[in-house]
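Student: I am new to this structure and would be grateful for a close look at one part of it. Please explain the terms as they arise.

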Amino acid sequence: MRKIMTRFAILILSVFTVSAGATAATIPLIMKSFPNISSTTIELLMTIPSLGIIVFTPVSNWVADLISVKKTIMTGLVLIFFGGVIPAITMNFPLIFVSRIILGLGTGLLMSFSQSLIIQLYQGREQQRMLGLSSVFQGLGMFVMTYAAGFLLNNGWQMSYWVYLIVVPIILLVGVYVPKTVGKVVDKDHPEAASDSKKIDGKIWLLALFAFVFNATFAFISIKFALLVVSRNYGTAADASTLLGLMAFAMAAGGFVFMYVQKHWFKYTTAIGLGFATISFLLLTISHSLILSSLGVILVGISVSIFMASMVANINKMTSASQVAFSTSVVMTCANIGTLLSPYFAKAISNVFGNQEAGFTFEAGLIIFAILFVIATFVGINYSRFEYKESNKLSNNVRTQN
């Protein structure tokens, strides 16, 4: 029973890596409550947590060295709780703005460990299963939090922020069921590994670049999809919002797809994820109906789960056990930077080619994903060249007391 609860405690952390957007629907009502605050500043409430995530994700590993991985995770959860509920109890806008930064800092502290602990605690098929379930938890958890926040919204926008009360039992769960020594690497045959834990292998930078470009391109969905639907006259903004809601379920489904793909075609997992992304953007590029667009959105949701889970799995294969946590934080940080810069990336593409249409943005994304797919396929064919040569030996020496 304890092992099951430990697994659940680790998996549930994935939900809070994406929880900042759960209250996005409150923005229009906040604008009415603060008519003297610019709409741009209020909209920034949903994106400002990304800055905290970008800064604190790599910092989390140094914090863990000082106070332990478990305490770092719990500190992150406490910050998410306070950052999450402050808007529910105050009408002081500067304080609300600061609370969103605090939310991002807390998310940054636990983000890399939500994935690296799976790599460090589990091996083989169990590890693949846990990585897949992590995506399932993330997708379904985000849907539940967003739905709950929307339900509470009926009683005023401040009520929506009480959804972060869910963090309290998770703090207790982690405190009771996650071992104190979790995340601690013990490698008797390679004592020098600990001193190299903050070094980054060149192959990890390749993964980080992939994650950056993937997220910067994938986020075209968030900034251009509604415009695509409206500009082509086959739906409304509300229709687009409904279709985007399907992505949460698609991401959860993607976790199960990842488990199957990882088991049968491990070397090509990243390429398969990019294949889904390429097909989805192809469908969106040619789409003039809500049915075809819904299929495209579902496929892109599946691709996100497969791709991001494959990044973590590849880190385990391409670097030493002691470097997994920090390498994961670097890749996750680059992915978040890609998301943050996506609007500027899309604008730059439109300006270079002199085409501002939403459809053209997806055409550009289609080409980018196709190029990444070809590169990932090449890497899959030559995967043995990218593997860390002592990964198997090290993984047998890595044990976390449970």
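Tutor: What follows is an account of helix 4, with a note on the cavity at the end.

This is a predicted model, in which local features need pLDDT of at least 70 and side-chain atom pairs count only at pLDDT 80 or more, while totals for chains, interfaces and linings use all residues. Residues are numbered from 1 along each chain as its sequence is written, and side-chain values use heavy atoms, leaving out hydrogens and water.

Helix 4 covers residues 49–67; helices are DSSP runs of H or I with at least four residues, numbered from the N terminus. Its end C-alpha atoms are only 24 Å apart, whereas a straight helix of 19 residues would span 27 Å (1.5 Å times one less than the number of residues). Helix 4 also has a kink of about 40°, centred on Val59; the bend is the angle between axes fitted to the seven residues ending at a residue and the seven starting there.

Buried residues (under 20% relative accessible area, with a 1.4 Å probe and protein chains only) of helix 4 include Pro49, Gly52, Ile54, Pro58 and Asn61. The buried residues pack against helix 3 (39–47), helix 5 (69–89), helix 6 (93–121) and helix 15 (324–353). After helix 4 comes Ser68, with a positive phi near 95°.

Turning to the cavity, the lining of the largest one has ten nonpolar, two polar and one charged residues (Ala, Val, Leu, Ile, Met, Phe, Trp, Tyr, Cys and Pro count as nonpolar, Asp, Glu, Lys and Arg as charged, and the others, Gly among them, as polar). A cavity is a set of points on a 1 Å grid over the protein atoms alone where a 1.4 Å probe fits but cannot get out, and lining residues have an atom within 4 Å of a point.

Technical notes: Helix = DSSP H or I, 4+ residues; strand = E, 2+ residues; numbered from the N terminus. Buried < 20%, exposed > 50% of the residue type's maximum accessible area, 1.4 Å probe, protein only. Contact = heavy atoms within 4.5 Å.
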